[in-house]
Amino acid sequence: MYFSGFYPMHLALLVVGDNPMPIAWWTPVSREPFRFLLAMDRRNWSLGLLREKREAALHFFDFADAERVVRAGHASGARVDKAERLGLVMRPAERLASARIVEGARCAFELAVVRELDEPEGDHVPFVCDVVHVHRGERSENVEPILFLGFHDFATVGPRTRISPPLRGRRRNRRRRETAPVAGGETPSA
Ligand SMILES: Cc1cc2nc3c(=O)[nH]c(=O)nc-3n(C[C@H](O)[C@H](O)[C@H](O)COP(=O)(O)O)c2cc1C
């Protein structure tokens, strides 16, 4: 049944304690409170770490750093010190006790686990996490994210375009917002 037609995924680097691993299966799930969901493979050493420490740091690197990010997924922290092997420079987080922040990320989110979802059949375990601190970095128009295409293939963005809603729609939305909040009525903004 599984079909990867929903790729590409925006690849991030998750650090639990001082152990880094690339993660493609993550998503924002709430703006207020600000929350992410992480899907953690049961075979990863990071799963036990995440259950024990209940915190992690989700980093976004530019495409230029793709090699180091991806190689963190070619070994397990159970056997090697991946941060040392990959030459990642780490510093303490602002709000987390154990998770480290990797130098050079475009931005990073410090996460505290809210709950592990009950998903006994899945090969990945979903964790809902609160964002407790944001390392914003510099905001650039020309971000070059690491896009995971599946298998061993990666890319970054090509041509860009901006697609704005029609003016009338925008006015109508504004009027609706002024009267009553509409659940799920908006395209999430950046
Ligand atoms: C491109 C890429 C994407 C990955 N995405 C995920 C993911 O979304 N979730 C996950 O649990 N593992 C994912 N992995 C696998 C882990 O990163 C990999 O198993 C890693 O070595 C686990 O490290 P650990 O044993 O130190 O925890 C991905 C690996 C690669 C190379």
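**Val134, the fold and the ligand shell**

Val134 is exposed, because 12 other C-beta atoms lie within 10 Å of its own and a residue counts as exposed if that number is 12 or fewer. The model in which this residue is seen is a predicted one, and within it Val134 has its place in strand β10, which covers residues 124-135. Leaving aside residues up to four places away in sequence, Val134 touches Cys107 and Phe109. Phe148, by contrast, is 14 residues from Val134 in sequence, and the C-alpha atoms of Val134 and Phe148 are 23 Å apart in space.

From this strand one can turn to the protein as a whole, whose secondary structure comes to 4 helices and 12 strands, and whose C-alpha trace spans about 60 × 40 × 35 Å along its principal axes. Of the 190 residues in the protein, 25% are buried. When contacts between residues at least 6 apart in sequence are considered, 64% of them join residues that are at least 24 apart.

The ligand is surrounded by 21 residues, and the closest of these are Asp41, Ser46, Gly73, Ser76 and Gly77. Three elements, namely β3 (19-23), β5 (35-41) and α1 (45-53), each supply at least two residues of the shell around the ligand, and the largest share, 4 residues, comes from β3. In chemical character, the residues of this shell divide into 13 that are nonpolar, 7 that are polar and 1 that is charged.

Terms used. Residues are numbered from 1 along each chain as its sequence is written. This is a predicted model: local features need pLDDT of at least 70, side-chain atom pairs count only at pLDDT 80 or more; totals for chains, interfaces and linings use all residues. A residue is near a molecule or strand if its C-beta atom, placed from the backbone, lies within 6 Å of it. Ala, Val, Leu, Ile, Met, Phe, Trp, Tyr, Cys and Pro count as nonpolar, Asp, Glu, Lys and Arg as charged, and the others, Gly among them, as polar. A residue is buried if 20 or more other C-beta atoms lie within 10 Å of its own, exposed if 12 or fewer, and partly exposed in between; C-beta atoms are placed from the backbone. Two residues are in contact if their C-beta atoms, placed from the backbone, lie within 7 Å.
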